[in-house]
Amino acid sequence: MALPTHTSLQNRLYFPSFAELPQADELDNNYFTEQPNGMLLPNRTWTFFGEIVGDSLSQLSVLGHRVEVRDVTGSVHSILFFPTSGSLDMSGLRTGATVFVRYAMRCFFSDLATEAIKVEELNFVKV
């Protein structure tokens, strides 16, 4: 099967809404394949994107950079940045900008009592 060379941002297979993203602590066969050694590998590329609608916490590294984004369905959710590798100019995280997160997953934060996207690999983010 040939992989597409381009696709529309409306293609939810490759650009899912927040609710359609896999959960970080579950094996979702729509997104991952388990290898014989137990390692999980993505079985395709997907990217979450949203318009930044709130950036008041985006420059506070002591709390972890955080933005509120509106996804393709109009729902508003948080993206929290806890970088372990890569680089990203955090000054670009401003209201009105669009953020793209490759291989995004929903993560439950008990201290916030909410689900959000947790970003550790900054090279998977474009603003």
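A search of the whole structure, a predicted model, finds seven aromatic pairs. Two of these pairs share Phe49: one joins Phe49 to Phe15, and the other joins Phe49 to Phe100. Other ring pairs link Tyr31, Phe32, Trp46, Tyr103 and Phe124 into a cluster. The protein around these rings has zero helices and nine strands.

**Ring pairs around Phe49**

- A pair of aromatic rings is described by two things: the distance of the centres and the angle of the planes.
- Take Phe15 and Phe49 to begin with. Their ring centres are 6.0 Å apart and their planes stand at 75 degrees, so this pair is edge-to-face. The cut-off for that label is an angle over 60 degrees.
- Phe15 sits in the segment before strand E1 (32-34), while Phe49 belongs to strand E3 (residues 47-54). The pair therefore ties together parts that are 34 residues apart in sequence.
- Both partners, Phe15 and Phe49, are buried.
- Now take Phe49 and Phe100. Their ring centres are 5.6 Å apart and their planes are at 25 degrees, so this pair is stacked. Stacked planes are under 30 degrees apart.
- This second pair also links distant parts of the chain. Phe49 is in strand E3, Phe100 is in strand E6, and their positions lie 51 residues apart in sequence.
- Are Phe49 and Phe100 buried or partly exposed? Phe49 has a relative accessible area of 17%, so Phe49 is buried. Phe100 has 28%, so Phe100 is partly exposed. The cut-off for buried is under 20%.

**The ring cluster: Tyr103 and Phe124**

- Tyr103 and Phe124 both belong to the five-residue cluster of Tyr31, Phe32, Trp46, Tyr103 and Phe124.
- Tyr103 is in the loop between E6 and strand E7 (106-109). Its relative accessibility is 24%, so Tyr103 counts as partly exposed.
- Most residues other than glycine have a negative phi.
- Tyr103 has a positive phi of about 60 degrees, although Tyr103 is not a glycine.
- Phe124 lies in the loop between E8 and strand E9 (125-126). With a relative accessible area of 31%, Phe124 is partly exposed.
- Which residues does Phe124 touch, leaving aside neighbours within four places in sequence? The contacts are Phe100, Val101, Arg102 and Tyr103.
- Phe124 and Phe100 are 24 residues apart in sequence. Their C-alpha atoms are 8.0 Å apart in space.

**Charges over rings**

- The charged end of Arg44 sits over the ring of Tyr31, 4.3 Å from the ring centre. Tyr31 is also a member of the ring cluster.
- Lys118 lies over the face of Phe82, at 5.7 Å from the ring centre.

**The largest pocket**

- The largest pocket has a volume of about 300 Å³.
- Its lining is made of 15 residues. Tyr103, Met105, Lys118, Val119 and Glu120 lie nearest its centre.
- Tyr103 thus appears both in this lining and in the ring cluster.
- Which strands each supply at least two residues of the lining? They are strand E6 (98-102) and strand E8 (114-121).
- E8 gives the largest share of the lining, four residues.
- By type, the lining residues divide into 11 nonpolar, no polar and four charged.

**Two more positions**

- Ser17 is in the segment before E1. Its relative accessible area is 3%, so Ser17 is buried.
- Leaving aside neighbours within four places in sequence, Ser17 is in contact with Arg12, Phe48, Asp71, Val72 and Thr73.
- Thr98 is in strand E6. At 34% relative accessibility, Thr98 counts as partly exposed.
- Leaving aside neighbours within four places in sequence, Thr98 is in contact with Phe49, Gly50, Glu51, Lys126 and Val127.
- Thr98 and Val53 are 45 residues apart along the chain. Their C-alpha atoms are separated by 9.3 Å.

**The whole protein**

- Read along the sequence, the pattern is β-β-β-β-β-β-β-β-β.
- The protein has 127 residues, and buried residues make up 34% of them.
- Consider contacts between residues at least 6 apart in sequence. Of these, 56% join residues at least 24 apart.

Methods. Residues numbered from 1 in each chain as written. Predicted model: local features only at pLDDT ≥ 70, side-chain atom pairs only at ≥ 80, totals over all residues. Heavy atoms only, no water. 1 Å grid on protein atoms, 1.4 Å probe; cavity = no way out; pocket = protein on both sides within 12 Å on 5 of 7 lines; lining within 4 Å. Points joined across faces, edges and corners; volume = space filled by probe spheres on them. Nonpolar A, V, L, I, M, F, W, Y, C, P; charged D, E, K, R; others polar. Phe/Tyr/Trp six-rings, centres within 6.5 Å; stacked < 30°, edge-to-face > 60°. Buried < 20%, exposed > 50% of the residue type's maximum accessible area, 1.4 Å probe, protein only. Lys NZ or Arg CZ within 6 Å of the ring centre and 35° of its normal. Contact = heavy atoms within 4.5 Å.
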